[in-house]
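Colleague: Please pick one part of this model and take me through it closely. I would then like to see how it sits beside the rest of the chain.

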Amino acid sequence: MTSRTTAGQWRRAASSSSGDQAAEQLARSPAQLDVLVLIEHLSKSFDGRLVLEDVHLKVDRSRIVSIIGQSGGGKTTLLRCVNLLERPDRGSLTVAGKSIFSGDRVVCRDLARLRQTVGMVFQRFNLFPHLTAVENVTLAQLRAGVPEQVALERSVHLLRRVGLAHRGVAYPEQLSGGEQQRVAIARALALKPKVLLFDEPTSSLDPESTAEVLRVMRELAEDGMTMILVTHELPFAREVSDWVVFVDGGRIVEEGEPADVLVRPSQLRTRAFLASYAASH
């Protein structure tokens with residue numbers, strides 16, 4: 001950052017950001033749906049072990065897709081391929097109408113711009129410990145060329161959006177796990193992404209913190225943010241998702257509307273997974 005954000009700057013930005021128009025970026029567009037993420041014939045291996053095999057997935061704009069399945073089944077690897085945090089071995093990836101991977105080559109020429117388009121919220125927060133909450137949200141904006149005052153006011157607005165208006169000058173070590181994850185969500189929203197990826201965002205949280213994070217995600221869903229979630233929270237997936245994908249052994253075993261996959265699954269493997277989940281909850 002170009003300078004430290006003082007408590008005084010925080011208060012001034014907080015008082016002026018009420019008129020910020022960032023909320024409009026989260027509003028549901030009346031435009032017709034179009035394909036925002038398209039994955040075709042995607043495969044990926046680690047040390048000779050195939051973890052994704054011939055995966056096809058389409059995500060329409062303003063839709064929420066939940067990816068479920070047992071640990072080690074390939075869910076997170078699939079998610080990380082969408083913004084090339086993992087490089088596929090072969091297949092094709094198209095994001096917002098632009099090809100980013102084709103055949104066996106990365107064809108995206110600007111990974112930084114891709115990761116502005118495709119924001120990600122990590123399982124372990126990944127906040128900078130030496131920066132306050134508002135500085136964590138502001139930093140990427142400054143690096144993207146956003147003027148400092150604009151970036152600060154947007155950060156204040158987004159922290160208010162996730163219920164943390166009172167925690168802007170707190171450091172990560174002073175925040176609960178749920179608060180840190182909400183700062184991470186605000187940071188991901190700061191660059192106005194077209195799609196958000198969530199990698200098991202509540203897996204390391206206690207029940208109360210989980211409820212806080214799920215509330216924010218529910219509000220994002222209501223506002224029309226396109227999201228791809230890897231989650232073990234099946235009731236939440238059923239509530240907010242437009243589409244549920246069950247991944248097992250690196251392949252998509254079953255996909256469809258939540259009621260079809262989570263209530264009336266057609267595949268034996270899906271039924272076994274859901275039975276195991278029900279027995280453990």
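Modeller: Happy to: two strands pair if DSSP finds at least two bridges between them. Helices (H or I, at least four residues) and strands (E, at least two) are DSSP runs, numbered from the N terminus. The model is predicted, so to speak of a local feature here takes pLDDT of at least 70 and side-chain atom pairs count only at pLDDT 80 or more, while totals for chains, interfaces and linings use all residues. Residues are numbered from 1 along each chain as its sequence is written, and side-chain values use heavy atoms, with hydrogens and water left out.

The part I would pick is the sheet that begins with strand 1. Five strands make up this open sheet, in the order 2-1-4-5-6, with antiparallel pairing. Strand 2 and strand 6 (105–106) are its edges, each pairing on one side only.

Start with strand 1 (residues 35–46), which is joined to strand 2 (residues 49–60) by eight bridges, the two running antiparallel. Two pairs let you find the register: leucine 38 has lysine 58 of strand 2 as its bridge partner, and lysine 44 stands opposite leucine 52 in strand 2. The hairpin of these two strands has two residues between them, and aspartate 47 there takes a positive phi near 50°. Strand 1 also runs antiparallel to strand 4 (residues 90–95), joined to it by five bridges. On that side, isoleucine 39 is partnered with leucine 93 of strand 4.

Now add the helix on this sheet. Helix 2 (residues 75–82) lies across strand 1, strand 2, strand 4 and strand 5 (98–103). The helix runs at about 125° to strand 1; axes are lines fitted to C-alpha atoms, for helices over the stretch in contact, and angles run from 0 to 180 degrees between N-to-C directions. Threonine 77 is a good residue to zoom in on, as it is found in helix 2. With a relative accessible area of 13%, threonine 77 is buried, where buried means under 20% relative accessible area, exposed over 50% and partly exposed in between (1.4 Å probe, protein chains only). Setting aside neighbours within four places in sequence, threonine 77 is in contact (heavy atoms within 4.5 Å) with Lys44, Phe46, Val51, Leu52 and Glu86. Lys44 and Leu52 in that list are the pair met above, standing opposite each other.

Next, the other sheet, for setting. It is open as well, with six strands in the order 7-8-9-3-10-11, and its pairing is mixed. Strand 7 (118–121) and strand 11 (251–256) are the edges here, each pairing on one side only. On average, neighbouring strands of this six-stranded sheet are turned by 20° against each other, direction ignored. Strand 8 (residues 195–199) pairs with strand 9 (residues 226–230) in the parallel sense, over five bridges. Valine 195 has threonine 226 of strand 9 as its bridge partner.

Two helices pack on this second sheet. Helix 6 (residues 177–190) touches strand 7 and strand 8, and its direction makes about 175° with that of strand 7. Helix 7 (residues 207–222) touches strand 3 (64–68), strand 8 and strand 9, with its direction at about 145° to that of strand 9.

The loop between strand 8 and helix 7 holds threonine 202. This threonine counts as buried because its relative accessibility is 8%. Apart from neighbours within four places in sequence, threonine 202 is in contact with Thr210, Val213, Leu214 and Glu233. Its C-alpha atom is separated by 8.0 Å from that of threonine 231, 29 residues away along the chain.

Helix 4 (residues 133–143) deserves a look too: nine of its eleven residues are buried, so the rest of the structure largely encloses it. Among the buried ones are Ala133, Glu135, Asn136, Thr138 and Gln141. Just after helix 4 comes glycine 145, with a positive phi of about 95°.

Stepping back to the chain as a whole, there are ten helices and eleven strands. Of the 281 residues, 50% are buried. Among contacts between residues at least 6 apart in sequence, 67% join residues at least 24 apart.
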